[in-house]
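I set out to record, entry by entry, what I looked up in this structure. The notes run from the whole chain to single residues.

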Amino acid sequence: MKKILRPAGTLLEQLIKQAEKLPPAHTGIVHPCDLPSLTGALAARDRGLITPTLIGPSNKILSTARSADLSLSDIEIIDAPHSHAAADKAVELVRQGKLQTLMKGALHTDELMSAILQKESGLQTERRMSHVFVIDAPSYHKLLLVTDAAININPNLDVKRDIVRNVIDLAHAIGIDCPKIALLSAIETIEEKIPSTIQAAALCKMAERNQITGAILDGPLAFDNAISLDAATTKNIHSIVAGEADVLVAPDLEAGNILAKELVFLSGANTAGLLLGARAPIILTSRSDDCVSRVASSALAQLFIHRNQH
């Protein structure tokens, strides 16, 4: 059956409009020394999603703004000599309660994560951190949350439990009251030689025993069964998640990363994303992210903060 395509980005735009009704989040933009990170932050500010604080070398930030004729007259700039210092300062301000979220600017992810992961001065909690992509794919009838495609390379069962809990929290924040979660693998049956199938089965049992709550889990499921009821029916798989998945939990980082980027570059999907499990949500942008993605990610952070406050 031929799928009906809708314009890309329409569902993310609905989230942005939902977030516009809330107070802007106090957001630290870490080392915004290039135009994509600076214009993305200003665009989110203009939509009423964030109140930005720019943290980094003030001369570079101002020079970047002048190169595009951008005004920073009404924005707080906190000077830091280099990217490492900017990351450390941003994390400190979150710990002090002066910032509610951080947005990655023109620095490497490792630099920001190094500051976040410091044992005494970082933003770690008892829960493992993980990243969630929120994907608006024109060929799918609703938003898809894909995790983890950025942080945990080869997660064990305990880490996957936290990955699932993190994505449930975000799903609730964006209005999915009981997300249907597909635990992906290469096959739909339990196979000792494929660890992700065993992990999927264990996670489903955890949900049955209320170790994981707030969602419906099923797995292992192959990708086609998760998003296509026809594919699941053909394979005689009876699942309320099949064809209706809100969340795709990847078996490992490589699979998740490939899946998310495939949806973007081959399916024309728009994306947003957050790092969760820390003391504050982190807008972990990529250098290839456009302004729309940065704005939508800011909306996700704002909705997540609002949920935690209420």
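**Entry 1. A loop residue with positive phi.** I began with H31, which I found in the loop between strand 1 and helix 2 (35-46). I note at the outset that the model is a predicted one. The phi angle of H31 is positive, about 60°, although H31 is not a glycine. I then asked whether H31 is buried or exposed. With a relative accessible area of 9%, H31 is buried, because buried means under 20%.

**Entry 2. Another positive phi.** I turned next to D69, a residue other than glycine whose phi is near 55°. D69 sits in the loop between helix 3 (58-67) and strand 3 (76-79). Its relative accessible area is 73%, and I therefore entered D69 as exposed, since the cut-off for exposed is over 50%.

**Entry 3. The chain as a whole.** I then stepped back to the protein chain. How many helices and strands does the secondary structure of the chain hold? I recorded eleven helices and eleven strands. The radius of gyration is 20 Å, close to the 19 Å that the globule rule gives for 310 residues, so the chain is as compact as a globular protein of that length. Along its principal axes, the C-alpha trace spans about 60 × 45 × 35 Å.

I looked up burial and surface together. Of the 310 residues, 53% are buried. The accessible surface comes to about 14,400 Å², and carbon and sulfur atoms account for 51% of that surface.

For contacts, I considered residues at least 6 apart in sequence; 72% of these contacts join residues at least 24 apart. For charge, I noted 30 positive and 34 negative side chains. The centres of the two sets lie 2 Å apart.

**Entry 4. Strand 1 and its surroundings.** H26 lies in strand 1. I found H26 partly exposed, with a relative accessible area of 40%. Which residues is H26 in contact with, leaving aside its neighbours within four places in sequence? I listed T51, K98, L99, Q100 and T101. I also looked up the separation from L102, which is 76 residues away from H26 along the chain; the two C-alpha atoms are separated by 8.6 Å.

Strand 1 (25-30) appeared again when I examined helix 5, whose buried residues pack against this strand. The buried residues of helix 5 (residues 109-116) are E111, L112, M113, A115 and I116. Besides strand 1, they pack against helix 4 (83-95), strand 4 (101-104), strand 10 (270-276) and strand 11 (282-283).

**Entry 5. A buried asparagine.** I moved on to N225, found in helix 8 (residues 223-227). N225 is buried, with a relative accessible area of 0%. Which side chain does the side chain of N225 join in a polar contact of 2.8 Å? I found that of E188. Beyond its neighbours within four places in sequence, N225 is in contact with E188, A231, A232, K235, I237, A242 and G243.

**Entry 6. A buried threonine.** T197 belongs to helix 7 (residues 195-208). Its relative accessibility is 0%, and I accordingly recorded T197 as buried. The side chain of T197 reaches the backbone nitrogen of E191 at 3.0 Å. Not counting residues up to four places away in sequence, T197 touches S185, I187, T189, I190, E191 and P220. I also looked up L184, which is 13 residues from T197 along the chain; their C-alpha atoms are separated by 8.0 Å.

**Entry 7. Cis peptide bonds.** P220, one of the residues that T197 touches, led me to the peptide bonds. The bond from G219 to P220 is cis, with omega near 5°. P220 itself is placed in strand 8 (residues 216-221).

I noted a cis peptide bond between T147 and D148 as well, with omega about -10°. Where is D148 found? I located D148 in the loop between strand 6 (144-147) and helix 6 (157-173).

**Entry 8. Review of the notes.** I close by setting the residues side by side. H31 is buried at 9%, whereas D69 is exposed at 73% and H26 is partly exposed at 40%. N225 has a relative accessible area of 0%, and T197 is likewise entered at 0%.

Terms used
Residues are numbered from 1 along each chain as its sequence is written. This is a predicted model: local features need pLDDT of at least 70, side-chain atom pairs count only at pLDDT 80 or more; totals for chains, interfaces and linings use all residues. Side-chain values use heavy atoms; hydrogens and water are left out. Helices (H or I, at least four residues) and strands (E, at least two) are DSSP runs, numbered from the N terminus. The radius of gyration is taken over C-alpha atoms; the globule rule is 2.2 Å times the number of residues to the power 0.38. Buried means under 20% relative accessible area, exposed over 50%, partly exposed in between (1.4 Å probe, protein chains only). Contact means heavy atoms within 4.5 Å. Accessible areas come from the Shrake-Rupley method with a 1.4 Å probe; for residues, only the protein chains shown count as cover. Lys and Arg count as positive and Asp and Glu as negative; His and the chain ends are not counted. The place of a charge is taken as NZ of Lys, CZ of Arg, CG of Asp or CD of Glu. A polar contact is a pair of N or O atoms within 3.5 Å; within protein, one must be able to donate a hydrogen and the other to accept it, and residues adjacent in sequence count only if both atoms are side-chain atoms.
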